[in-house]
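Student: Could you take me closely through a single part of this model, the place where two of its domains face each other? I would like one connected account, with the cut-offs stated.

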Amino acid sequence: MYLDNDDERVLAGEFGETRQKMMEILVALGEVYGAGKLIPITGAQVSGASYKTIGRWGLAWLQSLNARVVVPTVLNPIGMPREGWQDFGIDEEFARHQAEVVEAYRRLGVRLECTCTPYYLRITEYGEHLAWSESSAVVYANSVLGARTNREGGPSALAAAIIGKTPYYGLHIVENRRPQVVIDIEGDTGPHAGHWGAIGHIAGKKVGNRIPIFQGIRPNRDQLKALGAAMAATGAVALFHVDGITPEARVFSFPTDGLDRVTVTEDEIEALFEDTGVEAVAVGCPHCSADELREVAELLRGKTTTKPFYVFTAAWIAKNNLDLVSVIERSGARVITDTCMVVSPRMDEFRSIMVDSGKAFAYVPGMCGAIARIGTRAECVEAATS
Ligand code: F3S
């Protein structure tokens, strides 16, 4: 892989051991994937921020680093809210370690915005090259915004943030962004046919890591977010197109003749909606947008929760929508920021959790050890208040 003079000097260790190690990570990645060069990035988003997922070895690695990021960089959700973690039932030992993780990232110059929806924080432009590592954010950036990022791991996103560059391969190259498989959705009349998280949950399993294109559907941005997050979780989808809706499907004309076709059937969708017992309810995977917060608030208005109900969102969305937060919390539900239903140890205490998300539905059993049930947002509110 071609490196310019400055990159060579970083690799030789002239700018310190941490920058040298970060450059080694990028060079190794580039060589594995056949990249010809490094390209500049305009931003990074780093996963591996919850102490629940990185543990003490991850923390020790972060604490060993001594450099600063050179592009705007934010974090994925951590394991607890940064304020009020005691009220969320986080124990002190976990909180101490989590605070050490946050401090390690702060020392590296990472902005302490902890969310899987960084695109609500800063306008992400069409064609921008990024190094993001949260899979649901990656698929949103590529598909809905037309930005370009591979599915980075936490260390490679951090390496890119510290060097300000990423290897030029995969989805950074326009030619690699063409659709590879057409998804047909059968039966748009079933009771859950408009549940985009459930559709994505099935579609992801069928397409794996290929780039799908949907035709004849018109989801809005929040629905595209739910669809992509679920496909990224059950498959490894990092980019999808929706004919007439997503930016590249509009800009490029992608011939679909000759592509594989898969069908998501109404029976497959309905089979996900099993009516199991529920101990707690959680919505906001990925983190709620302001519109989604408003929907939850309207559904909860005048009701009282009968079981724990958590609504996850980014801190600045909550701070800018205090009226909605207050309606939600008047019902007994809690709006929780900086963390999520999967990466917080709080949720490990429940044996069954109802979610509205195709991604959370896939992850809750393995990451929280709980039985997961999926429903619409209205069904989640119904379960939490009955
Ligand atoms: Fe975000 Fe956590 Fe879901 S990081 S996408 S809310 S699993």
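Tutor: Taken over C-alpha atoms, the centres of domain 1 and domain 3 are 26 Å apart, and the contact between them (heavy atoms within 4.5 Å) draws 26 residues from domain 1 and 25 residues from domain 3. This is a predicted model, in which local features need pLDDT of at least 70 and side-chain atom pairs count only at pLDDT 80 or more, while totals for chains, interfaces and linings use all residues. Residues are numbered from 1 along each chain as its sequence is written, and side-chain values use heavy atoms, with hydrogens and water left out. The bounds, which come from an automatic or database domain assignment, place domain 1 at 5-172, domain 2 at 178-271 and domain 3 at 280-385.

Between domain 1 and domain 3 about 1900 Å² is buried, 61% of it from carbon and sulfur atoms; buried area is the accessible area (1.4 Å probe) that two parts lose on being put together, summed over both. On the side of domain 1, Lys52, Phe88 and Tyr120 lose the most area to domain 3, together accounting for 35% of what that side buries.

Lys52 also forms a salt bridge with Asp348, their side chains meeting at 2.8 Å, N to O, and the rule (a side-chain nitrogen of Lys or Arg within 4 Å of a carboxyl oxygen of Asp or Glu) finds 2 salt bridges across this interface. By class, the side of domain 1 that touches domain 3 has 12 nonpolar residues (Ala, Val, Leu, Ile, Met, Phe, Trp, Tyr, Cys and Pro), 6 charged (Asp, Glu, Lys and Arg) and 8 polar (the others, Gly among them).
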